[in-house]
Structures are given as structure tokens and as C-alpha cells.
There are 2 protein chains.
Amino acid sequence: MAEQKKMVEEITSMEEDFAQWYTDIVKKADLIEYSSVKGCMVIRPYGYAVWENIQHILDSRFKATGHENVYMPMFIPESLLQKEKDHVEGFAPEVAWVTHGGSEPLAERLCVRPTSETLFCEHYANIIHSYRDLPKLYNQWCSVVRWEKTTRPFLRSREFLWQEGHTAHATAQEAVEETERMLNVYADFCEEVLCMPVVRGKKTESDKFAGAEDTYAIEALMHDGKALQAGTSHYFGDDFARAFNIQYTDKNNTLQYVHQTSWGMTTRLIGAVIMSHGDNNGLVLPPQIAPIQVVILPIAQHKPGVLDKAYELKERLQGLYRVKVDDSDNSPGWKFSEYEMKGVPLRLEIGPKDMEKNQCVLVRRDTREKYFVSLDNLEEEIERLLSELAASIYNKALENREKRTYICRNIDEINKALSENGDGFVKAMWCGDEACEDAVKEQTGVGSRCIPFAQEELSDVCVCCGKKAKHMVYWGKAY
Amino acid sequence: MAEQKKMVEEITSMEEDFAQWYTDIVKKADLIEYSSVKGCMVIRPYGYAVWENIQHILDSRFKATGHENVYMPMFIPESLLQKEKDHVEGFAPEVAWVTHGGSEPLAERLCVRPTSETLFCEHYANIIHSYRDLPKLYNQWCSVVRWEKTTRPFLRSREFLWQEGHTAHATAQEAVEETERMLNVYADFCEEVLCMPVVRGKKTESDKFAGAEDTYAIEALMHDGKALQAGTSHYFGDDFARAFNIQYTDKNNTLQYVHQTSWGMTTRLIGAVIMSHGDNNGLVLPPQIAPIQVVILPIAQHKPGVLDKAYELKERLQGLYRVKVDDSDNSPGWKFSEYEMKGVPLRLEIGPKDMEKNQCVLVRRDTREKYFVSLDNLEEEIERLLSELAASIYNKALENREKRTYICRNIDEINKALSENGDGFVKAMWCGDEACEDAVKEQTGVGSRCIPFAQEELSDVCVCCGKKAKHMVYWGKAY
């Protein structure tokens, strides 16, 4: 087991330095590599395969809710970006500007899309004329650019991959329903597929998307007690429609403005998965997004029949699961570490002794528990262990969140809870005043994460000013 | 049938003006819409669904040949682009330059990738160390930018979607084999999936990709007799490896340079499909890439049971085919035109009389032939008609190519063939001298398309200078 030990030692433990542990994992699990393009990353095959699985499942959920994919240009002319006042104020400071095409300066500079509201609005103004054209339920998968100062793989980078939904509806009510529907699609995806519990809620005024009337968000708590915004869904009312003149003729032949939404999730979900489930041996991947769900390791593979048996099992399982056989000449110990690092949910060991007994060994990545399983009911056992693993990592993440959620009634209680128990969610009442929101952040370090839809009345006064409270808010330090 | 007539009249006929016919189709079949970003287009849901089907099938063929997907940054620092001399000369004049991030000028300007050889090379230099790391068989799906002066939807645009494969191998031979393998994957895809016959060959020296040692290409002939390059596969030898210092230690512990390839296909394939199979009623889509394979049109849909039956048939067919019911209140005539315009391979009509007879009507898009089909063997009949349609449009395209392929022995014969029969492929011998290649183009208007792998000896002298011929070449006017 010398190699295994060596490999494990190469990762910083999360207790020692969580940020370094994270960086070690993204590199050593072969998820990303740095490039000479500052703030951008190379997503390697293993990391990209995780993203493809996320894409595939999300995309089918979008299509099941009636959405269609499109592709918009990656450039936005400056004049187009400027059409909606709040939107341009929010994004202009962080866009990349194209000023030259070939050797010639452009008449008007173009930004590389940081998000595509303006392009969708221009398109909608062209194609929406009558109530019969509504709703428009569009989505696109693409990369976007935001010129961030400090970057971290997956969590914050100058270019990232995402999907952006953009919809137009006849009425405000329909648009609000869409905003909620997509937040729930996101939340269900996080909980069912990524095994990551989330809080569903609304952002405060100061934390809204640039140009939105309301921003809904799902917030997850990472292993270190910091919050991560995993997805957002925005309701725009008719602000963009007025700025871009997107009008339709209703059934009474009257011109009306459409009501719009947008919503997005990004490659930062991969960062969220790492920090929700990973441990000191590496990644732990939820089965549905794992590029390899079962890795078959032949033991004493030079012995007659072992490799054949390994390949026979692969053949048998591969229509049902994503399976890989590693028959390289690395030692079993090295292989154990390697696939633990990569977060493969199940390891299947098969050697001469197992073959004699018509069995194999299955090892769960999260608990490292060993199961001796008859080959007669291998599929059932794999199915059972994968679901148990999924349920178990979800529950572990939920327990971590519950352990690290502190109910506080004043600023002192917040500071006390955080210093005694470490970072986490603070649940506390708020009067709705931005000054108090800022003061909480300044005096405790935690900012408002969201006003959860599931409200509780912890007290009737604001945690900061003591005046009448309007909302219960989740507060936290955020990635 | 008044509406149908009206609709069909809206398209320019291809005999009258092929270019306008093409533009009419891309717009009226809802494939694209223009945007205020000059030279870039909006790919609408129907057009994007065609691309998704192309992607899906190509991607599985790439994976079946051992390739993995990755994602590289969309920006290339100017210094990185300049590392390979020929490559930068080819691409620098047509790239878009990012010079500012937010409000600050960049220390070094970045181009938006026109292709990603340089980024892959930089990455390969980082991750390839030993012969055990080879081969690397990577692919990426993304958009790229080339600052074209004149643009046409799908065929030539400033931004387009594509895939780019980039591979690194231990030996020249393996890299050459890969270059050929991928050209064949492309050719088979075009012929089997897009029903579009292609000529497989090699580009002449003057027509190679910037930085390549050899460029292989597949060339298709469009309905109007112009050629379209549908895909290319490049062999780089070790030129890039030397420029980027991509070395590995071989089994004898000696440092060696890798040998590389790249290969790409783009959204221009959609343009190729339009111009290969379309007619004066609109698009004709090959079944495998059609977003809707069977459109069900209820006839006299207000009559009892008709809509129910239409939905029952959809239910029955939808696991097997991509099916849509159009129960809108548009007239049957309007619907006939609409789905002909959109190139839906089969129209299924079901009305009260059909129901009485336990039958439906199937209409093939390409021939508009009607088939009365018993509902008892509907699936078999659909399967049969779809395969017949696929074979038939392939054969029609092949016939068009054969009819428009002219064997010529001198410049006069070329001019005579083209003026008598219209544009097409010219097959003629060539001495290998670039001066003759240029002279042919200047004196006849047709350029070299490729040196086909399937060589024929039409004569032993060059079509231009009369000296000894080296190759038989396909010449043509190109999109």
C-alpha cells in the first residue's frame, strides 16, 4: 500500500487548508489544467465528462418543461448592451471588449457576452408579433466571459460554461410562474442528481441581477460552512420589453409588452459537488454525473482467467452503467487511490479467489465499506449500493448544513455562533432595510444569501436595528 | 390549396436565382434570423435542433473511435498564436482582437480563437511526458470566430459552431492513420447520415491549412454545380511539436517529438444539406437529422375522435421517431406547405374516412408520393419509407454530381463543358505545378478542389501546360 499512502499524502487535508485541498483535488482528479490565458482554464476529459452528464440531464429536464435550444452570437455591440440602464451598469465594468477585426479597428466595439439578455431581447422584438407567438421558451448552452479580478477553477473564472434560459410571456403572472418553475427545476436537479440540499429563496434588493425585478436563487452550504449560489432565476417584469420594444397584439387587438425571465446554471456546479461531497481521499461523485460509475480492478491479473473475467463483467454491465476496466500494470494500491481520488462511486475487485467463489468485492467510495457480492445478483447489488451512496452523501451534506445553521437574534449571537462553531448559515430576522443588511455584513462578515420561501418567525424584530422584522433571512459567507 | 400556393410562391425558385432560393429557405424554414451583430446569426430552435442531431451522431462516432471531449479557453494570447509561423500568417489577418477587460487595457491582446491548435499544443506540452501518455485523442465542441468580409448564413459567418479534434501520437505513421481515419469518419457521416455523396482527397500545397503538412478534405457538389468543402483533416507532422516543445520519453528513454493532427466540421454542413436536397417547396431533411421525422396532421379535426386518434398515433410512434402533431387551426393546405418548407420527411394524414378504414395516409417529402397504409403495420411502413427516402435523396444527389462531372483534357474543353452544361466538377490531369493551378483558375474560373484518393489516369499530360501529369484533380467553383 506504499503507493496509496504516497498518493493520499499529496493532497492537503481539508481540515488543514480547505482552499488548498480544493485546488489539489481539481488538479489531481484531472478535472482542470491551467493555461497561459489568465483566469481561464482547460477543462480536461474527466472534468468535461462530468459537465456533459450535468448538461445531458438538465437539458432533458428543460425540454420536458417545453424549452427549446437556440444559439445567439457571442458578441454584443456596445449600443445594444446599453439599451437597458441597470443591466449595462451591472455588466459593463466586467466585460471583455473586442476592438479590432483582423487589422482594422471596428466602427463600434463589441463585448464578448457576459450574459445574453440583450441579444435575446433584440431577437424577441423581431419574432414576437401576436399572442400566438407566446410564450417563447428558449435556452442556450454556451460560454460567457466576465473579467473577474480573482479567479478559482470552476468557482469564478473569466470564461465559464453555462446555460442561460430566456423566456417571454403574455402576462406577468405567467412569467412569475416560469421564474419559480425553473428555480424548482434547478433545486430538484441539485437535490436529486447532485445529492446536494439547497435553500430556495429570493435575493434581497441589493443582491438582485442587474435589470431584474426579482432574483430567485438556490443556496447550498459547502463542507467548510461557506455558502455557494448554485443557480438563479430572474423575473424581469416588462422592463426589458419596454427598453427593447417587445410588443405583441393580444386577443383584443391591443398592443402589450411581454413579460420576461432568465435563469442560469454554470460549471461552478462542479465546484459545488467537490466541496459538498469530497473528502481527504479526493472527489466523491454522485452516481448520476460520475463519468465512471463502476471501475473494475482485476486482482492478480496475471493469473489465468482474471482479465477475461474482468472484461466479461464489463461487457455484462456496460449497457446499464458507465464502466471501466483498469488492466494497466500499476499496482492495486495505486489503482485504489487513483479511483478514490477521481470519486468513482463503486470499485469492483475481481481476483482468482473471488472467481472460485463466484463472487466479487464491491467497495463504496464514500464509506469505503466492502461488500462480498455473488455474481448471480451483481446488477441488483450495484443498483442498491449506488442508491444508498446517493442517499447517504445527500444526508451527510444535509447534516453538515443543519449542524452549521445557527439561529441568531442579534449581532452578538451571530458573532458568537460563528466564532464558536465556525462558518455556516445564520438564520436571522431582518427589517428589510439595506442599511441593516450592510451593517450585519460589516459587523459579522456574513452577507444576506436569500430570503427563503420557507419563512419562519424567529422573533418579530430585526437582528440589527431591533425594529419590526419583515423577513427571515439566510446569511453567510459566499463563494 | 390557396394558402399552399401562396406560401410556395414566397420562395424564389432555384432555377431563377439559386442564391436567393437558399436565403429564402434559411429564413422561411425558421433556421436562422439575422441580428445586429454583423456577420453573425441567430440559430433558431428548428435550425439548432438540426445541429443537435448532427452533433449527437458525430459525437458518438468520435467516442466510438476513442476520442474524448475537452474544453479550452476561447481566448489565445497574441504571443501564443505567434509560436507557429505558418499558422499565425494564415490566421492573424482574420481574427477578432480583445484589447480591454472591463475599463482597463490588457497588457497583451487576446484573439478570440479562430481554431485552437495553439491552445491544444500548449496543453499537450504540459501533460505529455512519456510514451504512456500517448496517444491523446481530444475533441472540443465550441464556437470560433473568423473576421470574414462577406458572409452567408451557415456557409460563411464571422462566428460559427464546430467541433475541432486535436490529437498527438508517438509516430508519424499513427498520426497519418488518424488523419485518414477521421476523414473517413466524416465521409461516412456525410454519406450515411446526411445522404450526401462526397469525394475524398488531398488538398494541393497552395490550399492546405495554415501550418499543416497535409490537408485531407471531403468535397460535395451542390445542386447548382458548385463545390462545398464539408470537412477537413490535417496532418501536422512534428512542426507544431517543435514550435511548442511537445516531447515524450520513448521506451528506450529517448526524447521524441509527438506527431499531431487536427480535424473539423462545422454548421456549414446545414448549408450543404439545404443545397444538396432542397427543392422549390423548401428544405428536404435526411431522416436521421430531421428534428421532426413524422408530422401528424389531423384532417377535419373538429370531427369526433380525429384529434384523439392523432394523439394516440403520436403516443404510439414517439419512442421510435421524432413525431409532432399539428392541431392548430391553420388549414390543412397551410400545414402541408409549412412542413414541406421545413423538410419534414414524412407527413401522416389521419381523418374520419381513414379511421373508418383503419388506415392513414403517408406522404414522402421528396417525391410527394402518397401511400395509403394500414394502421396495423404503420411502424414498418414508416421505417420503409424513411429508408427509401434516405436512399433516394442520396441517389439523386449522386446523379446530379455525375451529370455535372466533366472529364477535360485541356483548357478549352473545360470552358466548353462549363458553358454548355453549367457549373460542376471538372476532372483533369495536373503536373503539380502551382503556376498551372493558378492558370486553370484564371482561364476557366474553376480552382483545384482536391486530389482524390481514387486516382484515374485520364491522360498523361497536364490539362494546362501539356507537360507530364502527376495527379488527377477535381476542379470546381467553391462555396
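In the predicted model, the domain assignment divides chain A into domain 1 (12-277), domain 2 (292-385) and domain 3 (405-476). The C-alpha centres of domain 1 and domain 3 of chain A are 28 Å apart. Contact between these two domains of chain A involves 16 residues of domain 1 and 14 residues of domain 3. On the domain 1 side of chain A, the elements that supply two or more residues are strand 9 and strand 10, and strand 9 of chain A provides the largest share, with four residues. By class, this side of domain 1 of chain A comprises eight charged, four polar and four nonpolar residues.

An open sheet of 11 strands is present in chain A, with mixed pairing and the order 3-7-8-14-11-10-9-22-23-21-20. Strand 3 (68-69) and strand 20 (405-407) of chain A occupy the edges; each has a single partner strand, so one side of each has no neighbour in the sheet. Within the sheet, strand 21 (residues 425-430) and strand 23 (residues 471-476) of chain A run antiparallel and are joined by five bridges. In this pairing, A:Lys427 has A:Tyr474 of strand 23 as its bridge partner. Helix 7 (residues 172-192) of chain A lies across strand 8 (159-169), strand 9 (199-202), strand 10 (214-221), strand 11 (227-237) and strand 14 (259-266) of chain A, and its direction makes an angle of about 165° with strand 11 of chain A.

The two chains were then compared. A turn of 180° with a shift of 0.0 Å along the axis lays chain B on chain A with an RMSD of 0.0 Å. The two copies are therefore related as by a two-fold rotation axis. The same surface serves both copies, since 100% of the contact residues of chain B recur in chain A. In chain B, the residue that comes closest to the rotation axis is B:Val98, with its C-alpha at 2.1 Å.

Between the chains, 43 residues of chain B are in contact with 43 residues of chain A. Elements of chain B that give two or more residues to this side include helix 3 (45-64), strand 5 (96-101), strand 6 (104-112) and helix 6 (117-127). Strand 5 of chain B makes the largest contribution, six residues. The side of chain B that touches chain A contains 25 nonpolar, 11 polar and seven charged residues. Strand 5 also pairs across the interface: strand 5 (residues 96-101) of chain A and strand 5 of chain B are antiparallel and linked by five bridges. In this arrangement, A:His100 stands opposite B:Trp97.

Conventions:
Residues numbered from 1 in each chain as written. Chains lettered and ligands numbered in written order. Predicted model: local features only at pLDDT ≥ 70, side-chain atom pairs only at ≥ 80, totals over all residues. Least-squares fit on C-alpha atoms with pLDDT ≥ 70 in both. Contact = placed C-beta atoms within 7 Å. Pairing = 2+ DSSP bridges. Axes fitted to C-alpha atoms, helices over the stretch in contact; angles between N-to-C directions. Nonpolar A, V, L, I, M, F, W, Y, C, P; charged D, E, K, R; others polar. Domains from an automatic or database assignment.
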